[in-house]
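Student: I am new to this structure and would like to learn how to read it. Could we begin with the ligand and then look at some helices?

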Amino acid sequence: MAVGIAEISIMRTSLEQYVTSANDAIHIKLVKTPSDIDDDSKNFHPEFTHQLFGQSENIFGYKNLKIQLYYSAGLLNLYLGKTCSEKLDPTRLDNIPADDIAKVIIEKLGVHPTDSLDKFRSELSKEDSFTPFGDLLHSYSVHKNGEDTQFEIYKCDTTTPGFIKYHERLQTFLWWFIDAVSYINIDDDRWIFYVVYERSVINGKPQHSVVGYCTVYKYYAYPTKIRPRISQMLILPPYQRQGHGAQLLEAIYIDHRQNPTVLDITVEDPSEEFICLRDYVDCKVCMHLASFSTECLQEGFTEDMAQEAQVKLKINQKQARRVYEILRLRVTDESNANQFKEYRLDIKKRLNIPYQREKSDMEKMKKALKPEELAATMAGQSLQERHNNLEKMFQELLVDYRKVVERLARS
Ligand SMILES: CC(=O)SCCNC(=O)CCNC(=O)[C@H](O)C(C)(C)COP(=O)(O)OP(=O)(O)OC[C@H]1O[C@@H](n2cnc3c(N)ncnc32)[C@H](O)[C@@H]1OP(=O)(O)O
């Protein structure tokens, strides 16, 4: 018997109750002590789940679903639990079953969590036995809620005893916070790892908890140098926006500056937040270089700037140009019409380079194409449109650059 439109609509409405946003349903937590287990204020949610639960980032088949993914904060032992008020009976829907959440998470993350909260709780007693892997590179303190908390950054590589096994658990955080991520090939000995820990004293004993980490790949640069590339950086949500990203990036730069074989440092596919962080960290050091003095900045970008930033700070040429633009904005009086016009023209000249190239390509095409082919190629490229595009790009850059200038003023 055919199903009517009204029945389909009722079916859909009733099925919608079994659809949950995976980002909302998953509660992640770093557990330092048994009391953290019941403290909901310590929970945080993923930003991305599409690589596990599809583009819609939905989980099907449960009502009032809550998934607990608890990591012990140092050893990174894992508990995976689930509660719901109702699970869909598959016979109601052509035998389509509810999603097998544990299977999806375990397979994708490549982990072996316990589903016993008692076991997870009892193993917390071993947390004080955890000591960070590798060499201590840098320590610093952060003042928050009236207290100073200590943090430490350790460096390791694939030969650091025990680290590869630990990294298997550490990397599982990436799925939730970096878009389109994949695991790195750990068999390759050109990887370096920098891990940030919080160092606290619990019941009179020091304990280390993971804050975040970064992977760097030592690419070869012809003929005798290396060009390290920052691959993935993650600061876990409870620690974001407290300056740890800047501390970690600065520590990575300082570590490489001492190495004469390093040409400069690059970044793989940076997110918007990372671009902003890198701009701040790079501007903070470049503003003390002679070639980036206020007088030099007002004269325009020079080869000296690119050279000094690369040789002394391992900042690559493209980034040195960006740093120049930010630092020049910092010393530009925006209320002075002439000064600001000069600044705007300088940036637009750089933004216009691809258009200039296009223009010379167009000249060549004029000779090679028939009039109707040329008209089709040139469609949508009027001078006014180009000016509008340049102005839009300039305004967007200004927004990003001003954020960096403001952070520099605060620091
Ligand atoms: C190459 C790649 O890996 S790209 C992918 C980068 N990783 C991700 O996107 C994953 C998710 N995000 C993260 O891991 C982090 O947010 C990172 C790595 C991008 C940044 O790390 P954070 O520790 O948050 O950086 P940090 O705290 O130094 O600065 C971030 C912001 O916090 C602000 N901030 C820093 N300290 C404080 C403070 N004490 N109070 C208030 N705000 C602060 C900064 O001004 C900055 O603000 P802005 O973005 O408006 O300029």
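Tutor: Gladly, and keep in mind that this is a predicted model. Let us start with the shell around the ligand, to which S12 gives the most, with five residues.

Student: Which elements give two or more residues to the shell around the ligand?

Tutor: They are strand S12 (225–235), helix H9 (244–257), H10 and H17.

Student: Which residues come nearest to the ligand?

Tutor: A residue joins this group if one of its heavy atoms lies within 4 Å of the ligand. There are 25 residues around the ligand, and Met233, Ile235, Arg241, Gly243 and Gly245 come nearest. By class, the shell has 11 nonpolar, eight polar and six charged residues.

Student: How do I look for polar contacts with the ligand?

Tutor: Look for pairs of N or O atoms within 3.5 Å. Here a backbone N or O atom of Gly243 lies 2.7 Å from a ligand oxygen atom, and for a backbone N or O atom of Arg241 the distance to an oxygen atom of the ligand is 2.8 Å. Arg407 uses its side chain: one of its polar atoms is 2.9 Å from an oxygen atom of the ligand.

Student: How much of the ligand's accessible area does the protein cover?

Tutor: On its own the ligand has 1000 Å² of accessible area, and the protein covers 79% of that.

Student: Now the helices. How do I check the length of H17?

Tutor: Compare its end-to-end distance with the span expected at 1.5 Å a residue. H17 has 28 residues, and its first and last C-alpha atoms are 41 Å apart, close to the expected 40 Å.

Student: Which residues of H17 are buried, and what do they pack against?

Tutor: Buried means under 20% relative accessible area. In H17 that holds for Arg386, Leu390, Phe394, Leu397, Leu398, Tyr401, Val404, Val405 and Leu408. These buried residues pack against H10, H13, H14 and helix H15 (353–368).

Student: Why does the span of H13 agree with its number of residues?

Tutor: H13 covers residues 317–330, so at 1.5 Å a residue its 14 residues should span 20 Å, and its end C-alpha atoms are indeed 20 Å apart.

Student: Is H13 mostly covered or mostly open?

Tutor: Mostly covered, with 11 of its 14 residues buried; among them are Gln319, Val323, Tyr324 and Leu327. Their cover includes helix H12 (303–313), helix H14 (337–351) and helix H17 (383–410).

Student: What caps the N-terminal end of H13?

Tutor: Asn316 does, with a side-chain oxygen 3.3 Å from the backbone nitrogen of Lys318.

Note on methods. Residues numbered from 1 in each chain as written. Predicted model: local features only at pLDDT ≥ 70, side-chain atom pairs only at ≥ 80, totals over all residues. Heavy atoms only, no water. Helix = DSSP H or I, 4+ residues; strand = E, 2+ residues; numbered from the N terminus. Expected span 1.5 Å × (residues − 1). Buried < 20%, exposed > 50% of the residue type's maximum accessible area, 1.4 Å probe, protein only. Contact = heavy atoms within 4.5 Å. Polar contact = N/O pair within 3.5 Å; in protein donor to acceptor, adjacent residues only side chain to side chain. Areas by Shrake-Rupley, 256 points an atom, 1.4 Å probe, with all protein chains shown as cover. Nonpolar A, V, L, I, M, F, W, Y, C, P; charged D, E, K, R; others polar.
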